[in-house]
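This briefing covers one chain and its ligand site. Look over the sequence and the model first, then read on.

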Amino acid sequence: MKMIVDYELCEGHGECVVAAPEIFEMDDAGEKVVLLQENPDESLREQAVEAVKICPIAALQLEG
Ligand code: SF4
């Protein structure tokens with residue numbers, strides 16, 4: 001699977017980091033998300049789906 005982040009949309013609230021800490025972290029300024037794994041392992045699918053669902057401005061997309 002592939003995680004896609006729309007950095008233009010991201011407002012840095014960090015919900016995705018809480019939902020999927022192995023896939024996302026916040027940047028040093030705490031303003032934007034940083035994608036740690038563009039192609040997360042299948043074992044992280046539940047976290048990845050949860051992150052996509054929880055992002056309040058739909059900045060995340062999961063392919064595959
Ligand atoms: S939940 Fe959405 S808006 Fe918040 S940091 Fe993650 S991608 Fe950005």
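Helices here are DSSP runs of H or I with at least four residues, strands are runs of E with at least two, and both are numbered from the N terminus. With those labels, Leu-44 falls in the loop between β3 (33-35) and α2 (45-54). The model is predicted. The chain has two helices and four strands. A ligand sits in the largest cavity.

**Overall fold**

- Along the sequence, the elements run β-α-β-β-α-β.
- The radius of gyration is 10 Å, close to the 11 Å that the globule rule gives for 64 residues, so the chain is as compact as a globular protein of that length.
- The C-alpha trace spans about 30 × 20 × 15 Å along its principal axes.
- Of the 64 residues in the chain, 30% are buried.

**Cavity**

- How many cavities of 30 Å³ or more does the structure hold? The count is one.
- The volume of the largest cavity is about 110 Å³.
- Its lining comprises 14 residues, and those closest to the centre are Cys-10, His-13, Gly-14, Cys-16 and Cys-55.
- Sorted by class, the lining has nine nonpolar, three polar and two charged residues.

**Ligand shell**

- Which residues surround the ligand? One stretch is Cys-10, Glu-11, Gly-12, His-13, Gly-14, Glu-15 and Cys-16.
- Val-33, Cys-55, Pro-56, Ile-57 and Leu-60 also belong to the ligand's surroundings.
- The shell divides into seven nonpolar, three polar and two charged residues.
- Cysteine counts as nonpolar in this scheme, and glycine as polar.
- Cys-10, Cys-16 and Cys-55 each appear in the shell, and these cysteines are also among the residues closest to the cavity centre.
- His-13 and Gly-14 likewise belong to the shell and to that central group.

**Loop between β3 and α2**

- Is Leu-44 buried or exposed? Its relative accessibility is 7%, under the 20% cut-off, so Leu-44 counts as buried.
- Leu-44 and Met-1 are 43 residues apart along the chain, and their C-alpha atoms are separated by 9.7 Å.
- Leu-36 also lies in the loop between β3 and α2.
- Leu-36 has a relative accessible area of 40%, which makes this residue partly exposed.
- The C-alpha atoms of Leu-36 and Met-26 are separated by 9.9 Å, with the two residues ten apart along the chain.

**Loop between α2 and β4**

- Pro-56 is placed in the loop between α2 and β4.
- Pro-56 is one of the residues around the ligand.
- With the protein chains only taken into account, Pro-56 has a relative accessible area of 52% and is exposed.
- Pro-56 and Asp-6 are 50 residues apart along the chain, and 13 Å separates their C-alpha atoms.
- Ala-58 is in the loop between α2 and β4 (60-63) too.
- What is the sign of phi at Ala-58? Phi is positive there, about 50°, although Ala-58 is not a glycine.
- Ala-58 reaches 55% relative accessibility, over the 50% cut-off, so this residue counts as exposed.

**Helix α1**

- Val-18 lies in α1, which covers residues 15-19.
- Glu-15 and Cys-16, which help surround the ligand, fall within that residue range.
- Val-18 itself is exposed, with a relative accessible area of 71%.
- Val-18 and Glu-38 are 20 residues apart in sequence, and their C-alpha atoms are 17 Å apart in space.

Key
Residues are numbered from 1 along each chain as its sequence is written. This is a predicted model: local features need pLDDT of at least 70, side-chain atom pairs count only at pLDDT 80 or more; totals for chains, interfaces and linings use all residues. Side-chain values use heavy atoms; hydrogens and water are left out. A residue is near a molecule or strand if one of its heavy atoms lies within 4 Å of it. On a 1 Å grid over the protein atoms alone, a cavity is a set of points where a 1.4 Å probe fits but cannot get out, and a pocket is an open set with protein on both sides within 12 Å along at least five of seven lines; lining residues have an atom within 4 Å of a point. A molecule sits in a cavity or pocket if more than half of its atoms lie within 2 Å of its grid points. Grid points are joined across faces, edges and corners, and a volume is the space filled by probe spheres set on the points. The radius of gyration is taken over C-alpha atoms; the globule rule is 2.2 Å times the number of residues to the power 0.38. Buried means under 20% relative accessible area, exposed over 50%, partly exposed in between (1.4 Å probe, protein chains only).
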